[in-house]
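Visitor: I have a structure open in front of me, and I would like to learn how to read it one feature at a time. Could you show me the general idea first and then the case at hand?

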Amino acid sequence: PKTDIVFLKVHKSASSTVMNILFRFGETHNLTFAFPQGGGFQLYYPHHFLARFVQGFSPRSPRRFNILCHHMRFLQPEVQKVVSSSAVYFSILRNPVQLMESSFVYYKGASAFSRVRSLEQFLRQPYRYYNPASGDRHYARNLMTFDFGFNPDGDVSPERVQLMLKAIEASFDFLLISEYFDESMVLLKELLCWDLDSVVSFPLNIRDSSTKSPLPDSVVEKLKAWNRLDWEIYTHFNRTFWARIDRDIGRERLRREVRALRERQAELARACLQGAGSVGPKDIKDSSLRPLQHGGARILGYNLKQGLARELERTCRRLVTPELQYSSLLYKKQFPPPPP
């Protein structure tokens, strides 16, 4: 199994669920994580990543970490200072239309969104609300482009787009697609030589469907045009994702593996969870399993069954522990506080 990994955690793209998979794998195999200085949750995002943002890194005696997966704005020469040269680089993408809708609800306080009631209103006159000079502009335009380290207000000429896609291909071994999450996990398992249980997950950091509303076609087209760079990244790597599946796995085996993955997840859900699955924040009984609530979104979580056997309880708890709590737990393990 591959143990040196760089995961670019793209916002609002099921990346918290992938991060949980990496946390569990790292914890099980006693791997080290490149944590933000002081145990924070982002590597000085939205600044471009620098090696010195990592706790325990020193240029005089560079230390290599196994897994880099916290939010960052990608900058490969700096990333290479903290991970081994053989590390596998991957990320996950989401359809920019849904991504922007999610970003609008989640980052309602961002300067571009704070004065509008709806995405439709924003898209009617985006430059009335959107300021390319504001420090949080990336939440409102080409968020994936920004996370990959490029300019979200950049030129959309075919030449520039090609350069950007080539740069991403040169840096990343593969990109997953959140709309095909289970298929992505099969590909991840294949390329990292992991077993099935390592890529099993329950969806984390997802919001209640009551805050979601379908977008009219006219809005969808405007969203694609406004997020043109993201759209180019997404459509290109959606194609290469399926080409990769056909080359490395084949559709028949993919179907079998996806079925096995879903069966295993259903089995774990029956063993671990109370009720039918995710519940609203007010219904989560164990406060240590309550995810951070943000913006206008209602982020769902889980309740574990009572009286589980010790080993199973541990497995179940890890599967449903929200990102911030899990990150803090692993940070304390890797950097134990000095005894009083």
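Guide: Let us begin with helix H12, bearing in mind that this is a predicted model. The buried residues of H12 pack against three helices, namely H1, helix H11 (251–272) and helix H13 (323–334).

Visitor: Which residues of H12 are buried?

Guide: In H12 the buried residues are Cys316, Arg318, Leu319 and Val320.

Visitor: How should I describe two helices that pack together?

Guide: In general, a pair of packed helices is described by two values, the angle between their axes and the distance between those axes. Here, H1 and helix H12 (residues 310–320) pack at an angle of about 145°, and their axes are 9 Å apart. On the H1 side the contact is made by Asn20, Arg24 and Glu27, while H12 brings Arg314, Arg318 and Leu319 to it.

Visitor: How many residues of the contact of H1 with H12 are nonpolar, polar and charged?

Guide: The residues of that contact divide into 4 charged, 1 polar and 1 nonpolar.

Visitor: What does Thr17 of helix H1 contact, leaving aside its neighbours within four places in sequence?

Guide: Thr17, which is found in helix H1 (residues 15–28), is in contact with Phe181, Ser201, Phe202, Pro203 and Leu204 once those neighbours are set aside. Thr17 counts as buried because its relative accessibility is 5%, and the cut-off for buried is under 20%.

Visitor: What is a disulfide, and how many does a search of the whole structure find?

Guide: A disulfide is a covalent bond between the sulfur atoms of two cysteines. A search of the whole structure finds 1 disulfide, and it joins Cys272 to Cys316, with an S to S distance of 2.0 Å. Because Cys272 lies in helix H11 and Cys316 in helix H12, the pair ties together parts that are 44 residues apart in sequence. Both cysteines of the pair, Cys272 and Cys316, are buried.

Visitor: Why is the disulfide of Cys272 and Cys316 described as left-handed?

Guide: The torsion about the S-S bond of Cys272 and Cys316 is about -70°, and therefore the disulfide is left-handed.

Visitor: Why does the sulfur of Cys69 not form a bond with the closest cysteine sulfur?

Guide: The closest cysteine sulfur to that of Cys69 belongs to Cys193, and because it is 20 Å away, it is too far for a bond. Cys69 is buried, with a relative accessible area of 1%, whereas Cys193 is partly exposed, with a relative accessible area of 47%.

Terms used. Residues are numbered from 1 along each chain as its sequence is written. This is a predicted model: local features need pLDDT of at least 70, side-chain atom pairs count only at pLDDT 80 or more; totals for chains, interfaces and linings use all residues. Side-chain values use heavy atoms; hydrogens and water are left out. Helices (H or I, at least four residues) and strands (E, at least two) are DSSP runs, numbered from the N terminus. Buried means under 20% relative accessible area, exposed over 50%, partly exposed in between (1.4 Å probe, protein chains only). Contact means heavy atoms within 4.5 Å. Axes are lines fitted to C-alpha atoms, for helices over the stretch in contact, and angles run from 0 to 180 degrees between N-to-C directions. Ala, Val, Leu, Ile, Met, Phe, Trp, Tyr, Cys and Pro count as nonpolar, Asp, Glu, Lys and Arg as charged, and the others, Gly among them, as polar. A disulfide is a pair of cysteine sulfur atoms within 2.5 Å.
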